[in-house]
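Let's take a stroll through a protein model together. Keep the structure open beside you as you read.

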Amino acid sequence: MMLGAAGRGALAGLAWGLLARLFMRLIATTPEFTWGGTLAILGFSTLLGTGLGLVVGARRGGRSRWWRLAPVPGLVLFMSPGMTLVPGAVLVALALAVRSRAATVLLLLAALIAVVVPAVGLDGEGGEASPTGSLGLALVIVAVGLLGVGFHEWWRRWAPPTRHTPAGARSETRV
């Protein structure tokens, strides 16, 4: 279960890294990319995805809460301009956690603002409007949403381990 979850997480992380690299290319005014930078983004996003997959597998398998630390090494991905994605992703994760529809809408609206303002600029002149720039902005929004879903999975409530009673033994229930 854990190995499969880690593999699915790694693939999701790699796909997210490819999406991130694509939107970077589309919104950059002077796209100058290196293979080293591209491979670093793909590697760290795969590492983050693997850690998130391990968290999901550990939670479903009833394992220790210490597995929550698995994604921490992948956070290196956000020690760069990628850190501008984190506030929006955190707001998406919070929106997924609240039960109030109004709070969810407000948090998602705040997340959208947290994504668009840094991408476009406070004065609205983040570059000339172009089809590729608009597509890039849409992909940034999708990437932040997916990252928020991953953060939500990371932070979700961890059910206490279930105790199994041997067959034939009576379990005591208190009312």
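## Starting at a glycine

Gly133 is partly exposed, with a relative accessible area of 22%. That puts Gly133 just on one side of a line: a residue has to be under 20% to count as buried and over 50% to count as exposed, so 22% lands in between. Before going on, bear in mind that this is a predicted model.

Where does Gly133 sit? You'll find Gly133 in helix H5. Now look for Ile27: along the chain it is 106 residues apart from Gly133, yet the two C-alpha atoms are separated by 5.0 Å. If you set aside the neighbours within four places in sequence, Gly133 is in contact with Leu26 and Ile27.

## Stepping back

So what does the whole chain look like? There are five helices and zero strands. Going along the sequence, that gives the pattern α-α-α-α-α.

The chain has 175 residues, and buried ones make up 33% of them. How about contacts across the sequence? Take the contacts between residues at least 6 apart: 77% of these join residues at least 24 apart.

## Two more stops on H5

Back to helix H5, where you can also find Leu146 and His152. Is each of them buried or exposed, or something in between? His152 has a relative accessible area of 17%, so it is buried. Leu146 comes in at 48%, so it is partly exposed.

Their partners are worth clicking on too. Leaving out neighbours within four places in sequence, His152 is in contact with Ala93, Leu96 and Ala97. With those neighbours left out again, Leu146 is in contact with Trp16 and Leu19. As for Leu146 and Ala93, they are 53 residues apart along the chain, and their C-alpha atoms are separated by 9.5 Å.

## The nonpolar cores

Next up is the greasy stuff. The largest nonpolar core has 27 residues, and the ones that touch the most other members are Trp16, Phe23, Phe78, Leu85, Leu147 and Phe151. Which elements give two or more residues to this core? They are H1, H2, helix H3 (86–97) and H5.

Pick out Leu147 for a closer look. Not counting residues up to four places away in sequence, Leu147 touches Trp16, Leu48, Phe78, Leu85 and Ala89. There is another core lying apart from the largest one, and it has five residues, including Val92, Ala95, Leu107 and Ala111.

## The largest pocket

Now for some empty space. The largest pocket has a volume of about 500 Å³. It is lined by 25 residues, and the closest to its centre are Met24, Ser80, Pro81, Gly82 and Leu85. You've met Leu85 already, among the residues that touch the most other members of the largest nonpolar core.

Which helices supply the lining? Helix H1 (2–27), H2, helix H4 (101–120) and H5 each supply at least two of its residues. The largest share, six residues, comes from H1. Sort the lining by character and you get 20 nonpolar residues, four polar and one charged.

## A small charged network

How many salt bridges does the model have? The count is two. One of them is between Arg59 and Glu153, where the closest N and O atoms are 3.3 Å apart. This pair links distant parts of the chain: Arg59 belongs to helix H2 (residues 35–60) and Glu153 to helix H5 (residues 131–155), with their positions 94 residues apart. Arg59 counts as buried, at 14% relative accessibility. Glu153, at 19%, counts as buried as well.

In the other salt bridge, the side chain of Glu153 meets that of Arg156, at 3.2 Å from N to O. Arg156 has 36% relative accessibility, so it counts as partly exposed. Since the salt bridges share partners, Arg59, Glu153 and Arg156 are joined into one network.

Methods: Residues are numbered from 1 along each chain as its sequence is written. This is a predicted model: local features need pLDDT of at least 70, side-chain atom pairs count only at pLDDT 80 or more; totals for chains, interfaces and linings use all residues. Side-chain values use heavy atoms; hydrogens and water are left out. A salt bridge is a side-chain nitrogen of Lys or Arg within 4 Å of a carboxyl oxygen of Asp or Glu. Helices (H or I, at least four residues) and strands (E, at least two) are DSSP runs, numbered from the N terminus. Buried means under 20% relative accessible area, exposed over 50%, partly exposed in between (1.4 Å probe, protein chains only). On a 1 Å grid over the protein atoms alone, a cavity is a set of points where a 1.4 Å probe fits but cannot get out, and a pocket is an open set with protein on both sides within 12 Å along at least five of seven lines; lining residues have an atom within 4 Å of a point. Grid points are joined across faces, edges and corners, and a volume is the space filled by probe spheres set on the points. Ala, Val, Leu, Ile, Met, Phe, Trp, Tyr, Cys and Pro count as nonpolar, Asp, Glu, Lys and Arg as charged, and the others, Gly among them, as polar. A nonpolar core is a set of buried Ala, Val, Leu, Ile, Met, Phe, Trp, Tyr and Cys residues joined through side-chain atoms within 4.5 Å. Contact means heavy atoms within 4.5 Å.
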